[in-house]
Number of protein chains: 2
Amino acid sequence: MFKFFKNTVDLAHDYLESCVPPGSVVVDATVGNGNDTLYLAQLVGRRGKVYGFDIQEQAIRATADLIAAHGFSDIVTLFHAGHEKLSGYVKEPVAAVVFNLGYLPGGDHSIVTRADSTVTAVRESLVILKPGGIVSIVVYTGHPGGREEQQALEEFLRTLDKRKFCAGKLDFINRDKAPYLIIIEKSL
Amino acid sequence: MFKFFKNTVDLAHDYLESCVPPGSVVVDATVGNGNDTLYLAQLVGRRGKVYGFDIQEQAIRATADLIAAHGFSDIVTLFHAGHEKLSGYVKEPVAAVVFNLGYLPGGDHSIVTRADSTVTAVRESLVILKPGGIVSIVVYTGHPGGREEQQALEEFLRTLDKRKFCAGKLDFINRDKAPYLIIIEKSL
């Protein structure tokens, strides 16, 4: 049952669960504290593969620890690198790329994802996506630069050929300042 | 699999299918040519019930014929009445209320749903909704008055208590002038 009465990250997870079968190869473009990376590892399972990216050393370390603690180190590969270079690291078609924009929870709030690198990273993710693959992006707008990032991202997505991609937006009308969800699907 | 790469009405149907079990009581607030009414009858099945509303005699007749042709007359009750009076006709809690705004396809394009009666009808539908019930609204903005209707509707939905209702919006970023989907969920 696909219901909306939940928070945005859970909504993204519901969507991923409905589209990403076990054994898939997926990318966590913003590993942060590793919660989504672990979630993805559990989703794709032992026969799957997860690639994770973050520009912060702190995030990569925290994620590596979390993944190891849950015994998923063999299927997770972490890169201490900006997600705008995705296609340089990931050389196989992937079923999903997941973004969680904004800053690292509990980290330095001045280090946030930025409009230009986010747009580059999303463009890169469309390149490595296999036919029928999806991109999920949780977008926060409350922090400095958040609104600009959102605008740049949607401006880019508006230019996508609608026969090749469907870019959709799931937003809450009666929740002030809640993050919202962007999803992109590549045609089969 | 809940995918977005389809038209808005099909997206609404996917959502309804994931939330409305057979045997449910549902309302088609804008029967139009009856396509959604028939769809709902097939969705809820022989043990379910569908109430349909339209202010146009032409729409009620066309729908009655379509429903009869598919053998669903016994579970469908049609009212030649404005949907802003929903709770005066429907006296039992319903699982879903479905709206398809704009004008009657193939009918008089000057007869469209209007901002004030639409807001009243949606407010009424929240009253007859059972806990966990949903409202689905396909919103068109291209015709005269469409934009005003959208604004009035979202303004009303923004005032809903977020503990009691979740009002969400599924919109397409790279499809110009496509209708979009509003969904409202009542808490359990």
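This briefing covers the contact between chain A and chain B, then selected residues of chain B.

The model is predicted, so local features need pLDDT of at least 70 and side-chain atom pairs count only at pLDDT 80 or more, while totals for chains, interfaces and linings use all residues. Residues are numbered from 1 along each chain as its sequence is written, chains are lettered from A in the order in which they are written, and side-chain values use heavy atoms, with hydrogens and water left out.

**The interface**

- Chain A and chain B each bring 34 residues to the contact, where contact means heavy atoms within 4.5 Å.
- The two chains bury about 2800 Å² between them, 64% of it on carbon and sulfur atoms; buried area is the accessible area (1.4 Å probe) that two parts lose on being put together, summed over both.
- Of the area that chain B buries against chain A, 28% comes from Phe5(B), Ile173(B) and Asn174(B), more than from any other three residues.
- On the side of chain B that touches chain A, E6(B) gives the most, with eight residues; strands are DSSP runs (E, at least two residues), as are helices (H or I, at least four), numbered from the N terminus.
- Strand E6 of chain A (residues 165–172) pairs with E6(B) in the antiparallel sense over five bridges, and pairing requires that DSSP finds at least two bridges between two strands.
- Leu170(A) stands opposite Leu170(B) in E6(B).

**Salt bridges**

- A salt bridge is a side-chain nitrogen of Lys or Arg within 4 Å of a carboxyl oxygen of Asp or Glu.
- The count over all chains is 12 salt bridges, yet the rule finds zero across the interface of chain B and chain A.
- Arg46(B) forms a salt bridge with Asp74(B), with the closest N and O atoms 3.7 Å apart.
- Arg46(B) is in the loop between helix H2 and strand E2 of chain B and Asp74(B) in the loop between helix H3 and strand E3, so the pair ties together parts that are 28 residues apart in sequence.
- Both Arg46(B) and Asp74(B) are exposed (over 50% relative accessible area, against under 20% for buried and in between for partly exposed; 1.4 Å probe, protein chains only).
- In the salt bridge of Asp161(B) with Arg163(B), the closest N and O atoms are 3.0 Å apart.
- Asp161(B) is partly exposed at 26% relative accessible area, whereas Arg163(B) is exposed at 68%.

**A buried loop residue**

- Thr141(B) sits in the loop between E5 and H6 of chain B.
- Thr141(B) counts as buried because its relative accessibility is 18%.
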